[in-house]
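Biologist: Could you take me through one part of this model closely? I would like to hear about the surroundings of the ligand.

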Amino acid sequence: MGQNVNMAKQNIFTCNECGASHSKWSGQCDACNAWNSIQEDKPLSTGPAKKTLGGMRGKTIPLTDLASKEPPPPRTMSGVEELDRVLGGGLVKASALLVGGDPGIGKSTLLLQAAARFARNGLKVIYISGEESAGQIQMRAERLGLTQSPVHLASATNLRDILTTLEVEKPDLAIIDSIQTMWADNVDSAPGSVSQVRSSAHELTSFAKTNGMSVIMVGHVTKDGSIAGPRVVEHMVDTVLYFEGERGHQFRILRSVKNRFGPADEIGVFEMTGKGLAEVKNPSALFLSDRGKPAPGSVVFAGIEGTRPVLTEIQALVAPSPHSQPKRSVVGLDSGRLGMILAVLESRCGVPFTGLDVYLNVAGGMKINDPAADLAVAAALVSAREDAALPHDVVLFGEISLSGALRPVIQTENRLKEAQKLGFTSAITPQQTKKVAVAGLSLRYAQDLATFVAETFGDRGPEK
Ligand code: TYD
Ligand code: MG
């Protein structure tokens with residue numbers, strides 16, 4: 001094992017949030033503006049450094065063609081469709097994955113269930129927890145009905161011991177829960193520090209690559225939503241998945257934010273039950289299941305998540321504000337996006353929101369990144385403000401530009417088909433949208449946002 005090579009004493013300070021290096025300590029990171037995030041860090045042991053490469057010749061590197069002569073790496077399915085799709089079609093041999101998420105969101109449960117499935121499908125799986133004792137995990141396995149699955153279990157944090165064990169046991173898949181609890185004894189800083197996390201992730205990833213083993217590392221997420229420790233961990237691995245959801249909701253969404261072996265932004269939807277996570281094969285039906293009668297402020301958005309259409313209900317509430325600074329509160333959407341849509345409604349459509357509190361919510365705990373949600377959000381806002389409900393059987397999608405124009409969005413046909421499948425009979429989309437006919441669904445084209453607002457809520461007049 002490589003020992004720490006002491007270079008000329010050189011202090012490096014690293015930001016815990018974004019991983020930027022600084023030559024001295026300061027209270028605020030000037031790369032990401034985070035406060036109190038800078039820590040003293042030891043550089044990775046890289047051997048004695050040479051000043052330049054000049055003069056000395058290296059080896060020549062063999063070059064190859066773009067067409068690969070090797071077969072694609074083998075993949076193993078877990079049999080959990082929602083998971084296999086997010087992985088890009090099963091787990092790739094010798095790949096490194098990072099699964100991030102808030103504490104208590106269900107990462108350990110998800111991975112123990114996945115471990116059991118992969119083990120049943122023939123992989124040798126070792127699950128190593130640095131957070132829970134073997135007894136605790138056995139209790140969880142019992143609750144999930146997994147005690148008969150051939151998963152090997154250990155509670156450990158010493159990375160040297162873990163790597164030695166993996167070398168001897170030669171598993172196909174190792175799950176490390178979590179990377180923040182790992183401790184590499186050649187790095188003299190505390191577990192959870194940037195250098196420990198970085199070094200542990202590096203050791204595990206390169207071990208996986210050289211030994212043909214896949215590794216899944218769990219990473220905790222900080223308050224601002226990024227995986228704690230430096231971004232370098234995300235760069236190191238092949239695939240980064242986030243497990244998200246609202247605490248009070250039973251839905252959980254596994255989202256690929258980076259995937260070298262499949263599409264990014266793919267989602268898998270799960271429901272939390274007493275017996276663990278259950279797959280949700282038709283998320284639209286579930287997200288819309290609580291919809292009551294037509295109500296002002298409630299609108300259905302036909303969205304796309306990864307390769308899959310998902311319908312969600314967007315709810316808005318607009319009320320006179322008792323505050324001098326009216327509230328703008330949003331769950332499940334970017335607040336900057338809400339601000340932009342409010343501004344466009346005010347200045348291009350004559351629908352002011354001054355003196356009004358605005359609350360916006362995506363039902364079911366879903367987080368929407370699709371800009372096509374703009375039109376649905378605007379419709380929900382005006383509908384709430386005018387106290388006028390939209391028809392129950394209509395879906396909307398389209399992007400709004402700052403000029404108040406409506407832009408067409410991708411995958412129109414998929415959105416419409418999903419809406420039709422769920423019993424919707426009409427859709428409102430931007431004028432320029434590709435004209436596709438879906439049986440049983442009538443299309444209304446909106447020329448621009450102002451026309452849409454006037455046509456939909458016109459007779460009630462924007463003045464209040
Ligand atoms: P856990 O998997 O421990 O979360 P994490 O590893 O992300 O911190 O789950 C948190 C708690 O939720 C735990 O007490 C078990 C419970 N839980 C269920 O009861 N059912 C479920 O489907 C899931 C995912 C969790
Ligand atoms: Mg856990």
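**Around ligand 1**

Modeller: Happily! An N or O atom in the side chain of T109 is 2.5 Å from an oxygen atom of ligand 1, which fits a polar contact (a pair of N or O atoms within 3.5 Å). The side chain of S108 also takes part, with a polar atom 2.7 Å from a ligand 1 oxygen. For K107, a backbone N or O atom lies 2.8 Å from an oxygen atom of ligand 1. On its own, ligand 1 has 540 Å² of accessible area, and the protein covers 75% of that (Shrake-Rupley method, 1.4 Å probe).

Please keep in mind that this is a predicted model, where local features need pLDDT of at least 70, side-chain atom pairs count only at pLDDT 80 or more, and totals for chains, interfaces and linings use all residues. Residues are numbered from 1 along each chain as written, chains are lettered from A and ligands numbered from 1 in written order, and side-chain values use heavy atoms, without hydrogens and water.

Stepping back to the shell, 14 residues surround ligand 1, and G104, K107, S108, T109 and R140 come nearest (near means a heavy atom within 4 Å). By type, the shell has four nonpolar, six polar and four charged residues; Gly counts as polar here. Two or more residues each come from α2 (107-120), α3 (134-144), β13 (267-273) and β14 (276-279), with helices being DSSP runs of H or I of at least four residues and strands runs of E of at least two. Among these elements, α2 gives the most, three residues.

Notes
Polar contact = N/O pair within 3.5 Å; in protein donor to acceptor, adjacent residues only side chain to side chain.
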